[in-house]
Each structure stands twice: as structure tokens, then as C-alpha cells.
Amino acid sequence: MEHRQRASGVHDLGGTSGFGPVPIDDRGPFHESWQGRAFAVTQFAQAVSGFNTDAFRHGIEREDPDRYLELDYWAKWVRNAERMLIEGGVIATDAVDAALGGRVPVGQTERTTDAVPPAQRGSEASPEHPPRFGVGEWVRVLPKRTDGRHTRLPAYAEQRIGEVVACRGGWIFPDRHAHGEGPDPQWVYAVDFAAADLWPDAGTHRVRIDLFEPYLERT
């Protein structure tokens, strides 16, 4: 199945061809003991460095492209744990390398991220404005941003037309939350598309995508 356009971010792989089959493994999230420890270290690093979940995801997106392809899932998390601790001003820039080499770090500790931790657990939040779209309305997905900021809009849906079939309530807006710009709650809608409008050879299937209000415009 061919995707109509190139993915614009490392997490934006929906509908992109060339990655082979998706392996199914029922052994649980951790296949080796170090992976469980990697999860725990990453959760600790996120908490002490002040990264919210959206900023955490954006950190992984900023991995060097070549390294991203080389690393497995949990190795990406470990790399991001180090990134969060450095950018959060918790450890010096050379602290990990120095520890592995038995040296004293000489780098500086300085907070360089604009990410801030959430005020409370969870992502549901009430927007200050009523929903702009209602069930049964037709909407067009706006173009995906290309400025390197975090977004949850899949590129395969941009500029496609679909029908709003449900409002999912208000949620923290990742595009701003990942960059320390506040929760900026936005309405989320389930939008129904003909699969063939997303991928030409998809047949008669339907696809429903949950999309934030700023991603949409009325047709």
C-alpha cells in the first residue's frame, strides 16, 4: 500500500511503505531484564528533569536520524533519559561519558529545555471555547507543520476531507504542551474518512482518526 507523500517525522509512519511487516510478540513489554530497568530510569529522568509526556515524545523525535534507525525501542528511551537529564539541568553535558570513563565531568549543568511538567496527572482538560464542529459536519485536515515542532497530526491525513462522527472531549494540546507553552486545551474529534481517500488502493474500508480542533477547518 503506497503512501501519497513522504512522512515528515520519525513517529509519522502511518501508511508509509517499505518498513516490512509489523511483528507481533505476546511476551509483554519487556523481553530482557535491562528493558524494565530502562523504563524505570526513563520515568525517573522525566520526573526530575521536568519533562511532560509530550516533551518526552518530542525528545525521542529529536534523536539523530541515523542513530534512530540503529537503536531498538528501549535503547531510544535510554538515550532520551540522558537527553532529558542534560536539557533539564540535572547533570552535566559530559556526565554520562565521564562516569563510563571513570572521569569527573567538566561540563556545565544548565536547563536548556522549554518543557515544563504537567500541573496534574492525565491529559483531559476543558477548553475555554465551545466545540467548533458538530457531528455530521464535513471538515478538511490542514497541512502538517514542517517546522520541527511536535505534533500528533499524521501526514497521511493532511488536506483530506472527512466527516465528524464524535467529539472526544477536551484534551491538552501536544503541539504547544511539548514546548512549555501551557496545556492550551483543545477539543478532539473522531473524523471518518474513506480509506481510498488516504491511500488509493485501500478498497472500501473506512478509517476514523482522532484529531485536535486546530488541525481542522470547515469545508
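How are helices α2 and α4 oriented to each other? In this predicted model, the axes of α2 (residues 53-61) and α4 (residues 73-87) approach to within 9 Å and cross at roughly 110°. Angles from 65 to 115 degrees count as roughly perpendicular, and α2 and α4 are therefore roughly perpendicular to each other. Their crossing is right-handed. On the α2 side, the contact draws on Phe56, Gly59 and Ile60, while α4 brings in Lys76, Trp77, Asn80, Arg83 and Met84. Sorted by character, the residues of this contact come out as 4 nonpolar, 2 polar and 2 charged.

Helix α4 also packs against α1 (residues 33-49), with axes that come within 9 Å and cross at roughly 25°. The cut-off for roughly parallel is under 35 degrees, so α1 and α4 are roughly parallel to each other. Here the crossing is left-handed. From α1, the residues taking part are Trp34, Gln35, Ala38, Phe39, Val41, Thr42, Gln43, Ala45, Gln46, Val48 and Ser49. They meet Trp74, Ala75, Trp77, Val78, Ala81, Met84 and Leu85 of α4. This contact splits into 13 nonpolar and 5 polar residues, with no charged ones. Trp77 and Met84 of α4 turn up in the contact with α2 and also in the one with α1.

Just ahead of these helices, Pro29 sits in the segment before α1. Is Pro29 buried or exposed? With a relative accessible area of 58%, Pro29 is exposed; the cut-off for that label is over 50%. Leaving aside residues up to four places away in sequence, Pro29 touches Gln35 and Trp74. Both of these residues also belong to the contact between α1 and α4, Gln35 on the α1 side and Trp74 on the α4 side. As for His150, 121 residues from Pro29 along the chain, the C-alpha atoms of the two are 25 Å apart.

Stepping back to the whole chain, there are 7 helices and 5 strands, laid out along the sequence as α-α-α-α-α-β-β-α-β-α-β-β. The C-alpha trace spans about 60 × 45 × 30 Å along its principal axes. Of the 219 residues, 39% are buried. Taking contacts between residues at least 6 apart in sequence, 62% link residues at least 24 apart.

How are the 5 strands ordered in the sheet? They form an open, antiparallel sheet that reads β4-β3-β2-β1-β5. Strands β4 and β5 are at the edges with a single partner strand each, so one side of each has no neighbour in the sheet. From one strand to the next, the twist averages 45°. Strands of a sheet pair through backbone hydrogen bonds, either parallel or antiparallel.

Starting from the β4 edge, β4 (residues 206-212) and β3 are antiparallel and joined by 7 bridges. Within this pairing, Phe193 has Val207 of β4 as its bridge partner, and Val191 stands opposite Ile209 of β4. On to the next pair: β3 runs antiparallel to β2 (residues 161-171), again with 7 bridges. There, Gly169 is opposite Val188 of β3. Strand β3 (residues 186-194) is largely enclosed by the rest of the structure, because 9 of its 9 residues are buried.

What about β1 (residues 138-141)? Val139 and Val141 make up its covered face, and Trp138 and Arg140 its uncovered one. In a regular strand the side chains alternate between the two faces of the sheet. Strand β1 pairs with β2 in the antiparallel sense over 3 bridges, and Trp138 stands opposite Glu163 of β2. The pairing of β1 with β5 (residues 216-218) is antiparallel as well and has 3 bridges. In that pairing, Arg140 has Glu217 of β5 as its bridge partner. The uncovered face of β1, made of Trp138 and Arg140, thus includes a residue set against β2 at Glu163 and another set against β5 at Glu217.

How values were computed: Residues numbered from 1 in each chain as written. Predicted model: local features only at pLDDT ≥ 70, side-chain atom pairs only at ≥ 80, totals over all residues. Heavy atoms only, no water. Buried < 20%, exposed > 50% of the residue type's maximum accessible area, 1.4 Å probe, protein only. Helix = DSSP H or I, 4+ residues; strand = E, 2+ residues; numbered from the N terminus. Pairing = 2+ DSSP bridges. Axes fitted to C-alpha atoms, helices over the stretch in contact; angles between N-to-C directions. Parallel < 35°, antiparallel > 145°, perpendicular 65-115°, else oblique. Left-handed = near helix turned anticlockwise from the far one by under 90°. Contact = heavy atoms within 4.5 Å. Nonpolar A, V, L, I, M, F, W, Y, C, P; charged D, E, K, R; others polar.
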